[in-house]
Every structure is written in structure tokens, then in C-alpha cells.
Amino acid sequence: MTVQQQILEAIKAYDTIIIHRHMRPDPDALGSQNGLKRIIQASFPEKKVYAVGGPVEGLEFLATMDEISDEIYQGALVIVTDTANSPRISDNRYNLGDKLVKIDHHPNDEPYGDLVWVDTSASSASEIVMDFFLMFEEELKLSDEGARLLYAGIVGDTGRFLYPATTSKTLEIAARLLTYDFNASDLNREIDQISMNVAKLSGYVFQNVEVDENGAARVLLTQEIMNEFGVVDSETSHVVALPGQIDSVQSWGIFVQQPDGKYRVRLRSKGPIINEIAKRHDGGGHPLASGANATDLAECEAIYQEIKEAVKNFSNAGE
Ligand code: AMP
């Protein structure tokens with residue numbers, strides 16, 4: 001039996017299914033989690049299906065979370081989507097269930113769970129969930145709302161089909177989702193729209209990005225700057241991609257100071273591999289999009305030096 005068949009059998013076998021995703025959710029975390037919830041609900045209306053996790057931080061137009069007690073985990077199937085390692089799973093009760101399933105598209109650094117389906121060639125976890133639906137289309141149902149959620153996840157993780165993880169399969173799956181009844185242009189607008197404060201912060205990012213001779217770039221967003229612009233950490237997701245629009249930029253880091261003084265580091269790249277850097281600094285992620293943590297400015301500096309090194313080696317290798 002393939003792992004996909006085993007996952008379907010597990011879903012059929014359990015009356016209660018609880019779905020988790022990663023902390024600080026993005027559209028793919030919420031889309032894959034709640035898209036799967038909708039598929040299971042539509043296909044097996046007698047089952048109890050919950051989507052749990054911490055605050056959805058500005059993405060309420062996609063989903064709100066279910067609040068459940070610990071007892072509900074007894075004898076339940078737990079599925080985690082879009083989360084490479086267990087410390088990043090939002091709501092640490094994920095191991096209170098009877099059986100654990102991991103569905104993800106990040107490198108499989110920690111194959112937690114009784115059943116593990118990881119496909120790093122998929123653009124997003126939402127693409128994998130849609131793949132699952134299509135594999136068992138005769139037995140499963142997908143509602144319009146489920147399709148909207150999965151589409152949002154794919155749009156979010158591919159930067160509207162811009163990033164290299166976008167494949168012909170991604171587009172086929174997206175095309176299939178568009179056959180359902182939801183307003184994709186409204187959805188795209190909701191994902192894309194920014195507040196005036198974030199618009200002004202975007203100006204700051206472009207004004208202050210530092211780029212070296214090979215295209216290694218960095219932006220430092222201190223608490224002082226964040227307060228000056230009136231933005232919070234979750235809103236930095238709207239400025240992360242901006243340095244990549246600059247032609248001379250190859251790889252970059254956005255260093256976001258947190259209220260406790262430490263830094264959340266958001267790393268992105270057009271070619272040089274940066275997840276190895278993230279892994280060395282309490283993080284991880286995809287080869288071209290990852291996240292790390294730095295305790296102080298000295299560690300931020302060290303990370304930037306590693307980005308510079310990666311970009312230099314990449315450009316030398318290409319010559
Ligand atoms: P972000 O900059 O938070 O949008 O993260 C980009 C990618 O890196 C996402 O796929 C995240 O799941 C992953 N990522 C971010 N932070 C971490 C972390 N601390 N540990 C492992 N993966 C991370």
C-alpha cells in the first residue's frame with residue numbers, strides 16, 4: 001500500500017481527526033490545514049474534524065481555529081501539514097493522539113509521525129493536499145471553500161506562480177481548483193493587500209537595503225523602526241520578497257528584531273542555497289526560502305557574512 005493509500009485508510013478508520021500546521025502561519029499552512037479539513041468534512045460528514053493552532057495573524061479571511069480540549073485527542077488521528085520539524089508545530093498537543101501523519105513539502109529534516117508523506121518537488125503543502133484529493137477523487141469530495149483554501153496556499157507559497165517551485169503540475173492543480181466556485185481575484189487581492197503602514201515600511205526597505213558587489217543583501221528592522229512605522233512582526237511577510245525585485249540582488253536576509261530583543265531572520269534567494277545557513281542558526285526551510293533566529297546583532301552579522309559567502313561561491317561557480 002502506498003503512503004497515500006495508508007493515509008486515506010487512516011482517515012477512514014478514525015472518527016476524530018485533528019489537523020495541525022506550523023507556528024506563524026502563512027496562506028499555505030492555513031490553506032493545506034483547512035483545505036484538508038474541508039475535504040474530510042465533505043467526504044465523511046459523520047467524522048469530527050478540527051483545525052487547531054495559535055493565532056492566524058492577519059489571515060482571518062482564510063480560516064479561524066477550532067478550540068478543543070485535551071480529551072478530544074484520545075483515540076484521534078492527528079495530521080500535521082506544512083511543518084518540517086516538530087518544535088515548529090503550532091499547539092504541542094499534536095502527540096496526544098493515537099496516530100500521527102506528516103504531510104509536507106519542506107526537506108524532510110525530521111520524519112516525525114507514523115506515516116510520512118513528504119514531496120519536496122511540490123510548490124506547497126496545499127498542492128500535495130490537492131494531489132491527495134485527485135488521487136482518490138472517486139472516494140473524496142472537495143467543496144468550493146476547500147478549493148478556495150488550497151488555491152490560497154498555492155498562490156501564497158509560489159508568490160503568485162513566480163517562484164521556481166512552480167511546475168506544470170502546480171499550474172494543472174491550480175487550473176483544476178479554479179473550476180470550483182470561488183472568487184480567485186478577490187482572494188488574490190486579500191492575500192496581496194497591505195496597510196498604509198506596511199506600504200511606508202516597504203519604502204523604508206527599498207531605501208535601506210544594503211547590497212554587496214555580488215548581490216548579497218540585508219535589511220535590519222529594529223523594534224524602533226517597527227514602532228515608528230506601526231507594524232508588527234507578522235506584517236513583515238509583505239516586505240520579505242521586496243529585495244528580490246532589485247536586479248542586482250541574489251540572496252537576502254530580513255532581520256526583524258522581536259520585542260525580547262532577539263531577531264527573527266527571514267532568508268530568501270534566487271539561486272544560492274540558503275537553508276544550510278538557516279539550519280546553522282536555529283532554523284531551516286527550503287533551499288531558496290528559509291527562516292532562522294539570531295540572539296543578537298553579532299549573530300545577525302555572522303548570518304549576513306554567510307549569505308555573502310554563499311552568493312560569492314555561487315557566482316564563482318557560475319563563471
Ligand atoms: P518565513 O521567512 O518565516 O516565511 O519562512 C520561510 C520558510 O522557512 C518557510 O517554509 C518556513 O516554514 C521555514 N522556516 C522559517 N523559520 C523556520 C525555523 N525557525 N525553523 C525551520 N524552518 C523555518
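Guide: A polar contact is a pair of N or O atoms within 3.5 Å; within protein, one must be able to donate a hydrogen and the other to accept it, and residues adjacent in sequence count only if both atoms are side-chain atoms. This is a predicted model, where local features need pLDDT of at least 70, side-chain atom pairs count only at pLDDT 80 or more, and totals for chains, interfaces and linings use all residues. Residues are numbered from 1 along each chain as its sequence is written, and side-chain values use heavy atoms, with hydrogens and water left out.

Visitor: What makes Gly284 and the ligand a polar contact?

Guide: A backbone N or O atom of Gly284 lies 3.1 Å from a nitrogen atom of the ligand. The cut-off is 3.5 Å, so the pair counts.

Visitor: How do you know that His106 makes a polar contact with the ligand?

Guide: A polar side-chain atom of His106 sits 2.7 Å from a ligand oxygen atom. That is within 3.5 Å, so the pair qualifies. For Arg264, the distance from a polar side-chain atom to a ligand oxygen atom is 2.9 Å. The pair therefore qualifies under the 3.5 Å limit.

Visitor: How much of the ligand does the protein bury?

Guide: The protein buries 86% of the 470 Å² that the ligand exposes when taken alone (Shrake-Rupley method, 1.4 Å probe).

Visitor: Which strand gives the most to the shell around the ligand?

Guide: Strand 11, with 4 residues (strands are DSSP runs of E, at least two residues, numbered from the N terminus).
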